[in-house]
Amino acid sequence: MTIISENEKDTENAGARLAENLKPGDFVALYGDLGVGKTAFTRGAVSVLCKDAQVCSPTYAIVNKYDGDVTVYHFDLYRITDDDDLYSTGYYDITEEPAVFFCEWCEKCPEAIPDNAIKVYICRDGDKRRIEIADTCA
Ligand SMILES: Nc1ncnc2c1ncn2[C@@H]1O[C@H](COP(=O)(O)OP(=O)(O)OP(=O)(O)O)[C@@H](O)[C@H]1O
Ligand SMILES: [Mg+2]
């Protein structure tokens, strides 16, 4: 599915629509360059899953946790250097939990992304953004 997003709100809405079909165990892998809207997409999704949560970028924290109807973990792998580094963040334990996962910068650690992840690619398209949500066979 391809969505053309004209602004940040459109990108949040795309995330919110995806979130309506998410359940614990689902992993949303976000790909795309700096500032394309991965956090905006996640913010929209989390607004559906955890109504009162205030989403901020986990670029420095690596992972943020939100509690609501389900638990959501929001990762950002931008600053991860290698798999040992990722391991030390608790990533592999956390992703065993019955939560919904959003992960930015999956390009950084391709081997750590589950095969059945829902892949979301965001790129610039002039002033807009093109959001591709890959079909999954899971
Ligand atoms: N169509 C759009 N969708 C989303 N964001 C947009 C759009 N058009 C402009 N923007 C702007 O782009 C920025 C997106 O920021 P956001 O933090 O969501 O990106 P990101 O991909 O998470 O960045 P990073 O790689 O630093 O984590 C915001 O400043 C937002 O206002
Ligand atoms: Mg971000």
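Ligand 1 is surrounded by 17 residues, and this briefing walks through that shell in what is a predicted model. The closest of those residues are Glu-8, Thr-11, Lys-38, Thr-39 and Ala-40. Ligand 1 sits in the largest pocket, so it helps to look at the ligand shell and the pocket lining side by side.

**Who surrounds the ligand**

- Sorted by class, the shell around ligand 1 holds 7 charged, 6 polar and 4 nonpolar residues.
- Two helices, α1 (8-19) and α2 (38-49), each bring at least two residues to this shell.
- Of the elements that contribute, α2 gives the most to the shell, with 3 residues.

**Polar contacts to look at**

- On the backbone side, a polar backbone atom of Asn-7 lies 3.3 Å from a nitrogen atom of ligand 1.
- A polar backbone atom of Gly-37 is 3.0 Å from an oxygen atom of the ligand.
- A side chain takes part too: an N or O atom in the side chain of Arg-129 is 3.2 Å from an oxygen atom of ligand 1.
- With the protein around it, ligand 1 has 73% of its accessible area covered, out of the 640 Å² that it has on its own.

**The pocket that holds it**

- The largest pocket, where ligand 1 sits, contains about 280 Å³ of space.
- Its lining is made up of 21 residues.
- Nearest the centre of the pocket are Gly-35, Val-36, Gly-37, Lys-38 and Thr-39.
- Among these, Gly-37 is also the residue with a backbone atom 3.0 Å from a ligand oxygen, while Lys-38 and Thr-39 are also listed among the residues closest to ligand 1.

**What the lining is built from**

- By class, the pocket lining has 8 charged, 8 polar and 5 nonpolar residues.
- Helices α1 and α2 and the strand β7 (128-133) each supply at least two residues of the lining.
- Helix α2 gives the most here as well, with 3 residues in the pocket lining.

Conventions. Residues numbered from 1 in each chain as written. Chains lettered and ligands numbered in written order. Predicted model: local features only at pLDDT ≥ 70, side-chain atom pairs only at ≥ 80, totals over all residues. Heavy atoms only, no water. Near = heavy atom within 4 Å. Polar contact = N/O pair within 3.5 Å; in protein donor to acceptor, adjacent residues only side chain to side chain. Areas by Shrake-Rupley, 256 points an atom, 1.4 Å probe, with all protein chains shown as cover. 1 Å grid on protein atoms, 1.4 Å probe; cavity = no way out; pocket = protein on both sides within 12 Å on 5 of 7 lines; lining within 4 Å. Sits in = over half its atoms within 2 Å of the grid points. Helix = DSSP H or I, 4+ residues; strand = E, 2+ residues; numbered from the N terminus. Nonpolar A, V, L, I, M, F, W, Y, C, P; charged D, E, K, R; others polar. Points joined across faces, edges and corners; volume = space filled by probe spheres on them.
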